[in-house]
Protein chains: 4
Amino acid sequence: MPPLTSLHPALERHDFSAILETINREVRERFGEGEVADYIPKLASVPIDRFGMALVTLDGQVHCAGDAREPFSIQSIAKVHGLTLALDVAGAELFDRVGREPSGVSYNSLVQLEFEQGIPRNPMINAGALVVADIILSHYERPREVLLEFMRARSGNPGVGFDPEVFASEKETGFRNAALANFLRSFGNIHNDIEAVLDFYYSQCSLRMDCVDLARSMLYLADGGFCPVSDTQVTRADRAKRINAVMLTCGTYDAAGDFAFHVGLPAKSGVGGGIVAVVPKVMSLCVWSPGLDTRGNSLLGGHALHRFTEITGLSVF
Amino acid sequence: MPPLTSLHPALERHDFSAILETINREVRERFGEGEVADYIPKLASVPIDRFGMALVTLDGQVHCAGDAREPFSIQSIAKVHGLTLALDVAGAELFDRVGREPSGVSYNSLVQLEFEQGIPRNPMINAGALVVADIILSHYERPREVLLEFMRARSGNPGVGFDPEVFASEKETGFRNAALANFLRSFGNIHNDIEAVLDFYYSQCSLRMDCVDLARSMLYLADGGFCPVSDTQVTRADRAKRINAVMLTCGTYDAAGDFAFHVGLPAKSGVGGGIVAVVPKVMSLCVWSPGLDTRGNSLLGGHALHRFTEITGLSVF
Amino acid sequence: MPPLTSLHPALERHDFSAILETINREVRERFGEGEVADYIPKLASVPIDRFGMALVTLDGQVHCAGDAREPFSIQSIAKVHGLTLALDVAGAELFDRVGREPSGVSYNSLVQLEFEQGIPRNPMINAGALVVADIILSHYERPREVLLEFMRARSGNPGVGFDPEVFASEKETGFRNAALANFLRSFGNIHNDIEAVLDFYYSQCSLRMDCVDLARSMLYLADGGFCPVSDTQVTRADRAKRINAVMLTCGTYDAAGDFAFHVGLPAKSGVGGGIVAVVPKVMSLCVWSPGLDTRGNSLLGGHALHRFTEITGLSVF
Amino acid sequence: MPPLTSLHPALERHDFSAILETINREVRERFGEGEVADYIPKLASVPIDRFGMALVTLDGQVHCAGDAREPFSIQSIAKVHGLTLALDVAGAELFDRVGREPSGVSYNSLVQLEFEQGIPRNPMINAGALVVADIILSHYERPREVLLEFMRARSGNPGVGFDPEVFASEKETGFRNAALANFLRSFGNIHNDIEAVLDFYYSQCSLRMDCVDLARSMLYLADGGFCPVSDTQVTRADRAKRINAVMLTCGTYDAAGDFAFHVGLPAKSGVGGGIVAVVPKVMSLCVWSPGLDTRGNSLLGGHALHRFTEITGLSVF
């Protein structure tokens, strides 16, 4: 990793290990709040009393607390990485097929899709991610391998892999996603075979990573598209900026406004209980706790990020 | 067919052959209005300059005009017969899974389905007909044969059959219906294999009949559930009444109010250009003309029924 | 009243007094079901244990049971009479400003109004009735007196009047209606002063009548527009037919499909607990019981009409 | 204004006057694009070929270009200042009555308000701003004067005032806002007299300011709630952060996602053609050009901000 010419002041001021430890202690008092996702057995079996948090700075610091090294199902967090891959092959034309407005409704809703003639509101909801998956399928022979390679390179962990049990369950019970894919296809906004699109989408959802690896995998979004882990420019600076914008306005389902309000960082959550966040030019973070709030975001994870920005004053606002 | 004890006064007053001929003449002046359905090639290739009309009375009269003996794709009209079959095996419990309110939106909309948690508004829209198909599949080993036998017995024509080309096209392009079926399944309101449900549904849509046969096939709804063609009580009188009610409020997509207003008869239309209608205790009718209005009902067919009730004063109101 | 040339067979077959008495007895067993409207004090104070029923035949019979002579607030029932008045002055152009499709949503919803650019779905929901009121105001100098005269002539009771207390309460608490009127005005679909339109609308709602008078006031809709009470042609036959059609598809809020299904008669309900119904060419009816079901229709009133059609077989289907 | 201990690096690197001049030149090439708001005469009469831009930095620099000193109707921009006032008197309880989620629909829509039982989605849409106005009315004897004083103190211009002609026109034609206010009241979410609430709301909309004054009036949101113009802590730092968050996710109607994507700054637009924006810890800006895009935001103003962030790299992401 190349040395930064000047250290961001935020990185000098704080003892991040102590801060994460404080938050970890606070959060554990509240274990049991929220509901673990139960639509597939592998997620339902995760104990609710888990909390991990990790942050990785642009100058190479890594701090973590709690269960930060316990792998979990990253689920929708991978929509960010999928978007990065698709943007690089499709460019701005991607946004002819997917919008970038907050949806105002649930992540798997079909309503807006109908009103808006098959153009999903944004790439962070399921419908949008299916179109993104379709774009990736149109450009890569072996999309699953491309995605896996991307995640391993971003996290620096060659052990990152798919969870076949989660994949099988998602596929077996994914009627809502099959409805979305068929619906999109009826509007001409899916070009590849529906089964193939869904399989790639479920692969993406079934990635298994821990907080440290996930935090690392987001670092390129804090650094103008440059990934210090692999020492490569992953995407253009303006695209990194735009992905952050989409995360901030659309990354936490229909709680994005609330999240911007309380946390104030670009972030993306998954029903496995993970949330990643970016402090542009400074660091990336990941929290994990499987109990979800009523809108599908990790309840204690959201609280932890709120506390972190409260204590450090780090936020984009 | 048993003699009626007293003839309905309407049947004495009118020269129906002359009336149908008048309407036929008027309608042919307007050939070209409307748009032929073009979502599958077999429908798109039907010439727009076709009009047929037939009526069959409870006392055994048959009158027809124009292309009343030219077979066409009955499409959604079969939803009435499907509902009759399903009601007989499921009884009133059918209405735990399908409503009976007009939808206020398009026939293949997913919106209301989402707002109302997977309970389709009524059995005359696609979503409702898919649930009805699912019910039939749960009760019959060979549902396709049961339906075919029903249509042959009601129309008195053993030559009634499916159109394999229409079936294949519907299946190949039916992404919206596949979306609906998957969506219903995600709410637990489809119990059988989705492919099997769709196949039965497309079979139903692909039935091919002419105006006379279709008019005959509806006669049981004019006669309290008794089918004079086959001399059997097809369904209970209260169910015939209820099916008529559902047709009147929901049978012509989101134009049901307009249809009640102008025509005033229980009716069901299909995108093949057919419309069937019932004058309770008197007769059943069928019109056909492939040009559709913006809401998917036969434009000249609707006009013909309007004229018929205007001339004869026959309507339920 | 002129003698009918031939009596409808339905009128010979039944002992209506006995039937109403049977229904009255059954219904009283269920007193307490439903909820009395409580948005204004005068309605909230009506005892729930009331039930009245009256029917008036075209050949001059009057039958009633229970509290059929106790006056109540007719509320939305007057939308039928308002529509009759407006249709006569505006003709079919009325339907450029109000639709005739069932709404699929609540009677005072603003949603569809927004989607459909200020054209209310039908004249039986509040928004539609406000446009109807606006039309009446545009054509009559003294609309309140015209309406009152209409109701007195139709019912044959010169004592029919407005309830000033109900009027005042409606006006004071009618924020939803004021919202609708302003919203309609913003689309240009109200032409008169908003306060004047609302005042006329609230006057209409505050009419006070009993079951016998209300049943009589609907007789013209059973007789092709001819009012036997006043011996005058009140409206054209085709308009009477169309008003019946609108009542059947839209008269009982978002339960119209259900009502057609169970009762099968054109009907209009009000939150005061009244429901009027028409058997075309035979009779008109009125039931009243203040306990409402969840969709705003009299629970026991609806049940009574259901029983009546079940026992007599009278329905349009 | 107190000296900043350390200058933000962004402030050293750029020649802002030259940048604004470049943008001014580019924008003038495109004069004529967009549509001037025409719902009231005073707005409709503004020439479309106007463009002004101003920025004010925390270290006291002021740069401007074009028509930056021509006053215009600030319209919805005042919703930001109104929110600041209301937050200070109501605290977090304000958010029991107004949400903070993007709306996904038009700024004056009633739809979501109905679905969400009278709780407006956020304080930046009209419904939310009416509730905010109601809160201000409940806390201040002379709210109009309080607001005026606030704007004068923030901008440092004692000449700031209301435009009585705009006020009168807004009031006369504001049926949609009257509908919203009555609708909110029907849910109990307006406590004061509706006319008084609307009058205050229209006063707020009718404020008249130029780009320099408006940019100055936003400086407290760039500086943690401290207003360097008046040398006072206007609101708490956490509230300034939260107002910025609300602006970013909800400040540009249903184009907020697009705005975050292209500009990446908290911003608020008005139909008068103004847009204010904040670069936290660095500066505030105002652009003005009366031609609006289809979503009601200044077309050239939006473009100018996009160019500004493109050239300077200043954005929150």
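Is D:N24 buried or exposed? In this predicted model, D:N24 is buried, because its relative accessible area is 7%, a value under the 20% cut-off that defines the buried class. The residue sits in helix α2 of chain D, which covers residues 16-28, and, once its neighbours within four places in sequence are left aside, D:N24 is in contact with D:F51, D:A65 and D:G66.

**Two interfaces of chain D**

Chain D touches chain A and chain C, and the values for the two interfaces are set out below.

| Item | Chain D with chain A | Chain D with chain C |
|---|---|---|
| Residues in contact | 32 of chain D, 32 of chain A | 15 of chain D, 15 of chain C |
| Buried area | about 2,700 Å² | about 1,400 Å² |
| Share on carbon and sulfur atoms | 58% | 68% |
| Salt bridges | four salt bridges | zero salt bridges |
| Residue pairs in polar contact (both at pLDDT 80 or more) | 13 residue pairs | zero residue pairs |

**The interface with chain A**

Between them, chain D and chain A bury about 2,700 Å², with 58% of this area on carbon and sulfur atoms. On the side of chain D, the residues D:K241, D:F261 and D:F317 supply 30% of the area that this chain buries against chain A, which is more than any other three residues. Four salt bridges are counted between the two chains, and one of the salt bridges joins A:R295 to D:E101, with 3.9 Å between the closest N and O atoms; 13 residue pairs across this interface are in polar contact, both residues being at pLDDT 80 or more. The elements of chain D that contribute two or more residues to the side touching chain A are α14 (237-250), α15 (256-262) and α16 (299-312), and among these α14(D) gives the most, with seven residues. Sorted by class, this side of chain D holds 14 nonpolar, nine polar and nine charged residues.

**The interface with chain C**

Chain D is superposed on chain C by a rotation of 180° with 0.0 Å of shift along the axis, at an RMSD of 0.0 Å, and the two copies are therefore related as by a two-fold rotation axis. Within chain D, the C-alpha nearest this axis belongs to D:A179 and lies 1.9 Å from it. Both copies use the same surface, in that 100% of the contact residues of chain D recur in chain C.

The area buried between chain D and chain C is about 1,400 Å², of which carbon and sulfur atoms give 68%, while the count of salt bridges across this interface is zero, as is the count of residue pairs in polar contact with both residues at pLDDT 80 or more. Helices α6 (111-115) and α10 (175-186) of chain D each supply at least two residues of the side that touches chain C, with α10(D) giving the most, at eight residues. That side of chain D divides into nine nonpolar, three polar and three charged residues.

**C:N182 at the contact with chain D**

In chain C, helix α10 (residues 175-186) contains C:N182. Which residues does C:N182 contact, leaving aside its neighbours within four places in sequence? C:N182 is in contact with C:I194 and, across the chains, with D:F175, D:R176, D:A178, D:A179 and D:N182. C:N182 counts as buried because its relative accessibility is 8%. The C-alpha atoms of C:N182 and C:D213, which are 31 residues apart along the chain, are separated by 34 Å.

Terms used. Residues are numbered from 1 along each chain as its sequence is written. Chains are lettered from A and ligands numbered from 1 in the order in which they are written. This is a predicted model: local features need pLDDT of at least 70, side-chain atom pairs count only at pLDDT 80 or more; totals for chains, interfaces and linings use all residues. Side-chain values use heavy atoms; hydrogens and water are left out. Contact means heavy atoms within 4.5 Å. Buried area is the accessible area (1.4 Å probe) that two parts lose on being put together, summed over both. A salt bridge is a side-chain nitrogen of Lys or Arg within 4 Å of a carboxyl oxygen of Asp or Glu. A polar contact is a pair of N or O atoms within 3.5 Å; within protein, one must be able to donate a hydrogen and the other to accept it, and residues adjacent in sequence count only if both atoms are side-chain atoms. Helices (H or I, at least four residues) and strands (E, at least two) are DSSP runs, numbered from the N terminus. Ala, Val, Leu, Ile, Met, Phe, Trp, Tyr, Cys and Pro count as nonpolar, Asp, Glu, Lys and Arg as charged, and the others, Gly among them, as polar. Copies are superposed by least squares on the C-alpha atoms of residues with pLDDT of at least 70 in both. Buried means under 20% relative accessible area, exposed over 50%, partly exposed in between (1.4 Å probe, protein chains only).
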